[in-house]
Amino acid sequence: MAQLLRSLQDSQLVARFQRHCGLFPAPDEGPQKNGVGHHPEANGKGGCGPANGLRKAPAAQAYVQKYIVKNYFYYYLFRFSAALGQEVFYITFLPFTQWNIDPYLSRRLIIIWVLVMYVGQVAKDILKWPRPSYPPVVNLEKRVITEYGMPSTHAMAATAISFTLLISTMDRYQYPFVLGLVMAVVFSTLVCLSRLYTGMHTVLDVLGGVLLTAVLIVFTQPAWTLIDHLDSASPLFPVCAIVVPFFLCYNYPVSDYYTPTRADTTTIVAAGAGVTIGFWLNHFFQLVSKPTDSLPVVQNIPPLTADMLLLGLTKFTVGIVLILLVRQLVQNLSLRVLYSWFKVVAKNKEARRRLEIEVPYKFVTYTSVGICATTVVPMLHRVLGLL
């Protein structure tokens, strides 16, 4: 068993997968100055880690890695699949589900997403397993290269989103279950394989993320009905929804050096807290004209028409614009207050990384975004006659 685990953690296994998919390191690959452009046929941003596997943050930012793409189908397929597990997908898919499909589903998806991401991010900084070494692996992503590898949170998020959506809709909407199962498997598999193709995780990282998510889903699924009734909880519920997540973020495991893991975790947890509070506000103050039925109600999926598509895109555009405005406003205001409180120069970019500044400003900003998405945006839709 130990030998099997070591083989699954071998960087050479990832490198062979990349070569099989037509991704090769350039013959003259070596340390280059940062700032070289990225093109499939020219340069790919990455880094060169020391042979002993220990990674230092400055080194990861100091180098780029040249690579050659011989199969553009796999290149674009897996780069697109990698985007399905990144922030750009979740900040579009989850709000779109909330505003245009079913708030009942979005509530479950967001809370399960927050749970698995927090567990996965914490596990990374506790286990502190390195990412694949490069070379021999070609690294296609740079931002999270300073993070640890085990487990793959992309794999966790993709598995959680796809199978939570499947479980939550199979008794609520009429559609072929096999089709839904195939779509869930294909979606999660593409995201998982993309983590190998981009050189960000070993096979063991990916499998560990999938298995950990499966365990979390199995053990939490009986409590999902409780999630459906959070909006009717005690008047003191919002206090718990703020205090507990903030405590978890502020007491996040300390890393050996700065990585974006704590900031990303705070962003995700704060957004989940804001969404939870938003649903509670909708119920407590009766801000929505028609409460969402939280009980499974089997119904047909309506056919997609041009008018429905146009309405959905309009609602999404209005909501995203408002969210971006709220995000920018609250972020600037919270940073000003924190800079003034801690007597920090506003132009000091490094100050944002301090625990007492990073966690509060991220938490306040994205809690506001979550509340806005679930409370203010639907009210604006109603005022504009989009409901």
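Thr-164 is a buried residue, with just 1% relative accessibility, and it makes a handy way into this predicted model. Thr-164 sits in helix H7, which covers residues 153-169. Its side chain reaches back to the backbone oxygen of Ala-160 at 2.6 Å. Leaving aside residues up to four places away in sequence, Thr-164 touches Arg-108, Leu-109, Ile-112, Thr-159, Ile-217 and Trp-224. Three of those partners, Arg-108, Leu-109 and Ile-112, carry numbers that fall within helix H6 (103-127).

**The chain as a whole**

Stepping back, the protein chain has 14 helices and 5 strands. Of its 387 residues, 49% are buried. Take the contacts between residues at least 6 apart in sequence: 81% of them join residues at least 24 apart. The accessible surface adds up to about 19300 Å², and carbon and sulfur atoms account for 70% of that.

**Salt bridges**

How many salt bridges does the count come to? The total is 4, and three of them are worth a look here, set out below with the distance between nitrogen and oxygen.

| Salt bridge | N to O distance |
|---|---|
| Arg-172 and Asp-102 | 2.7 Å |
| Arg-195 and Glu-141 | 3.0 Å |
| Arg-262 and Glu-358 | 2.7 Å |

Start with Arg-172 and Asp-102, whose closest N and O atoms are 2.7 Å apart. This pair links distant parts of the chain, 70 residues apart: Arg-172 is in the loop between H7 and strand S4 (173-174), while Asp-102 is in the loop between helix H5 (87-101) and H6. Arg-172 is buried, with a relative accessible area of 4%, and Asp-102 is buried too, at 5%.

Next come Arg-195 and Glu-141, whose side chains meet at 3.0 Å, N to O. Here the two residues are 54 apart in sequence, with Arg-195 in helix H8 and Glu-141 in the loop between H6 and H7. Arg-195 has a relative accessible area of 0%, so it counts as buried. Glu-141 comes out at 11%, which also makes it buried because the cut-off is under 20%.

Then there is the bridge between Arg-262 and Glu-358, with closest N and O atoms 2.7 Å apart. Arg-262 lies in helix H12 (residues 261-284) and Glu-358 in helix H14, so this pair ties together parts of the chain that are 96 residues apart in sequence. Arg-262 and Glu-358 are both buried.

**A nonpolar patch on the surface**

Now for the outside. Which residues form a nonpolar patch on the surface? They are Met-170, Phe-177, Val-178, Leu-181, Val-182, Val-185 and Val-186, and together they have about 560 Å² of accessible area. One of them, Val-182, is found in helix H8, which runs over residues 177-197. Val-182 has 44% relative accessibility, so it counts as partly exposed: the value lies between the 20% and 50% cut-offs. Helix H8 also holds Arg-195, which is buried at 0%, so the helix has residues of both kinds.

**Backbone oddities**

Most residues other than glycine have a negative phi, and most peptide bonds are trans. A few spots in this chain go the other way. Met-150 and Pro-151 are joined by a cis peptide bond, with omega at about 0°. Pro-151 is found in the loop between helix H6 (103-127) and H7.

Lys-128 is not a glycine, yet it has a positive phi of about 55°. Like Pro-151, Lys-128 lies in the loop between H6 and H7. At 29% relative accessibility, Lys-128 counts as partly exposed.

Lys-343 also has a positive phi of about 55° without being a glycine. This lysine lies in the loop between helix H13 (306-341) and helix H14 (355-383). Is Lys-343 buried or exposed? At 74% relative accessibility, Lys-343 counts as exposed.

**Cysteines**

A disulfide is a covalent bond between the sulfur atoms of two cysteines. How many disulfides does the structure hold? The number is 0. Two cysteines can still be placed by their accessibility: Cys-21 is buried at 3%, and Cys-372 is buried with a relative accessible area of 4%.

Definitions and conventions. Residues are numbered from 1 along each chain as its sequence is written. This is a predicted model: local features need pLDDT of at least 70, side-chain atom pairs count only at pLDDT 80 or more; totals for chains, interfaces and linings use all residues. Side-chain values use heavy atoms; hydrogens and water are left out. A disulfide is a pair of cysteine sulfur atoms within 2.5 Å. Buried means under 20% relative accessible area, exposed over 50%, partly exposed in between (1.4 Å probe, protein chains only). Helices (H or I, at least four residues) and strands (E, at least two) are DSSP runs, numbered from the N terminus. A polar contact is a pair of N or O atoms within 3.5 Å; within protein, one must be able to donate a hydrogen and the other to accept it, and residues adjacent in sequence count only if both atoms are side-chain atoms. Contact means heavy atoms within 4.5 Å. Patches are made of residues with over 30% relative accessible area and no salt bridge: like charges are joined within 9 Å, nonpolar side chains (Val, Leu, Ile, Met, Phe, Trp, Tyr) within 5 Å. Accessible areas come from the Shrake-Rupley method with a 1.4 Å probe; for residues, only the protein chains shown count as cover.
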